[in-house]
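Subject: Structure handover and findings

Dear colleague,

Please find below the structure that I am handing over to you. My findings follow it, arranged by region.

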Amino acid sequence: MNNKLASYFTERDHELWLTEDEREDLKVSYRIKEILFEGQSEFQHIMVLDSYSFGRMLVLDGIVQTTSMDGYIYNEMISHVPLCIHPNPKRVLIIGGGDCGAAMEVCKYSAVERIDMVEIDKIVVEVCKKHLPEVSGQLSDPRVQFIFDDGVIFAQTKENEYDIVIVDSSDPIGPAKNLFEKSFYQSLYKALKKDGLMVCQSQSPIFHVEVMKQTFQRISDLFDETKLYTAVVPTYPGGLWSFTIGSKGNINLNPAKVSKKKTQYVNQQIIERCFFLPQFMLENVYRK
Ligand code: SAM
């Protein structure tokens, strides 16, 4: 085992364990069956692992990003909710999302004509297509244009082009740090058409309250209407996960628009109810 792997794994009694550092005083360990891919890209350390409890997992810089066990929950929630709000979504931009799961979900809407997927790291896409087909679906829809670039720089060059922007980023460290900055949301505002909307994952309402509050604040300073919604994703710390929508117009949800193609998590009731928030979130975010 090289030094990098030794910093992520421990071997005891012939068992291999990946330990993820959530924060200084919280670590989560997964028992691993097999390392399917391991390598260092220009941007991050990448692994695809086969685990006992979560199936196959994509791990970037030691942090679990998505798994074959529950990746569909996150990917369906970050995609179908904005598509049930925008009245006529034709052009969609996805920033990040290298596991291809969000793009797979957007492809379930026939109204969408083109999806630009701007992922900084080509190797993430290649290894997910090869080793994580449950999440990536080996995406090959001709409406998807892969662009390998930094989402921050790409967004700066766009004006009045997209109906929906989905920011499917990793945590606000490493290459994804700038995807949580106000200047990036300003670029997205400009990149959106006049009735456009954006959505991003805004971290755990329990373990990352400050990131969630700051994300909500930065987006609501720019957009006409901003709303939070949640889903439970067992892979992520604390389970409960938040998403923030910023819209140039009013957020009018139409759950009946949810795709009739097969989903595993979303349905009309989930779309309708995901905006109901627990009391502590209402107090944390909506009360100044
Ligand atoms: N569902 C996941 C989560 O919440 O942890 C996110 C998964 S997705 C794999 C995140 C992707 O964002 C990664 O593939 C990473 O390479 C990409 N990414 C990070 N920073 C980026 C940037 N500045 N521009 C474009 N893509 C970026």
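Across which strands does helix 8 lie? Helix 8 (residues 209–220) lies across strand 11 (192–201), strand 12 and strand 13 (240–247). Its direction runs at about 150° to strand 12. Please note that the model is a predicted one.

Domains and their contact

The domain assignment of the chain gives domain 1, residues 3–67, and domain 2, residues 71–286. The C-alpha centres of domain 1 and domain 2 lie 25 Å apart. To the contact, domain 1 contributes 21 residues and domain 2 contributes 21 residues. Between them, the two domains bury about 1,900 Å², and 63% of this area is on carbon and sulfur atoms. On the side of domain 1, Phe-43, Arg-56 and Thr-66 supply 25% of the area buried against domain 2, more than any other three residues. The count of salt bridges between domain 1 and domain 2 is zero.

The six-stranded sheet

Strands 1 to 6 form an open sheet in the order 1-2-3-4-5-6, with antiparallel pairing. Strand 1 and strand 6 (63–67) stand at the edges; each has a single partner strand, so one side of each is left without a neighbour in the sheet. From one strand to the next, the twist averages 45°.

At one edge, strand 1 (residues 9–12) pairs with strand 2 (residues 15–23) in the antiparallel sense over four bridges. Within this pair, Arg-12 has Glu-15 of strand 2 as its bridge partner. The two strands form a hairpin with two residues between them, and Asp-13 in the turn has a positive phi of about 45°.

At the other edge, strand 5 and strand 6 are likewise antiparallel and are joined by four bridges. Here Leu-58 stands opposite Thr-66 in strand 6. Thr-66 was named above as one of the three residues that supply 25% of the area domain 1 buries against domain 2.

The seven-stranded sheet

A further open sheet has seven strands in the order 9-8-7-10-11-13-12, and its pairing is mixed. Strand 9 (144–148) and strand 12 (225–232) are the edge strands, each pairing on one side only. Neighbouring strands of this sheet are turned by 15° against each other on average, direction ignored. Strand 8 (residues 114–119) and strand 9 run parallel and are joined by five bridges. One residue in this pairing is Asp-116, whose bridge partner in strand 9 is Gln-145.

Helix 4 and both sheets

Helix 4 (residues 122–131) packs on the seven-stranded sheet, touching strand 8 and strand 9, and its direction makes about 135° with that of strand 9. Helix 4 also packs on the six-stranded sheet, where it touches strand 3, strand 4 and strand 5 and makes about 15° with the direction of strand 4.

Which residues of helix 4 are buried? They are Val-124, Val-125, Val-127, Cys-128 and His-131. These buried residues pack against strand 3 (26–40), strand 4 (45–51), strand 5 (55–60), strand 8, helix 5 (133–136) and strand 9.

Individual loop residues

Most residues other than glycine have a negative phi. Asn-160 is not a glycine, yet its phi is positive, at about 55°. It is located in the loop between helix 6 (151–156) and strand 10 (162–168). Asn-160 counts as partly exposed because its relative accessibility is 48%, between the limits of 20% and 50%.

Gln-203 also has a positive phi, near 75°. Its place is the loop between strand 11 and helix 8. Is Gln-203 buried or exposed? Gln-203 has a relative accessible area of 2% and is therefore buried, the cut-off being under 20%.

A further loop residue is Ser-259, which is situated between strand 13 and helix 9 (268–273). With a relative accessible area of 11%, Ser-259 is buried. Leaving aside neighbours within four places in sequence, Ser-259 is in contact with His-80, Lys-108 and Tyr-109.

Yours sincerely

Notes
Residues are numbered from 1 along each chain as its sequence is written. This is a predicted model: local features need pLDDT of at least 70, side-chain atom pairs count only at pLDDT 80 or more; totals for chains, interfaces and linings use all residues. Side-chain values use heavy atoms; hydrogens and water are left out. Two strands pair if DSSP finds at least two bridges between them. Axes are lines fitted to C-alpha atoms, for helices over the stretch in contact, and angles run from 0 to 180 degrees between N-to-C directions. Contact means heavy atoms within 4.5 Å. Buried means under 20% relative accessible area, exposed over 50%, partly exposed in between (1.4 Å probe, protein chains only). Domain bounds come from an automatic or database domain assignment. Buried area is the accessible area (1.4 Å probe) that two parts lose on being put together, summed over both. A salt bridge is a side-chain nitrogen of Lys or Arg within 4 Å of a carboxyl oxygen of Asp or Glu.
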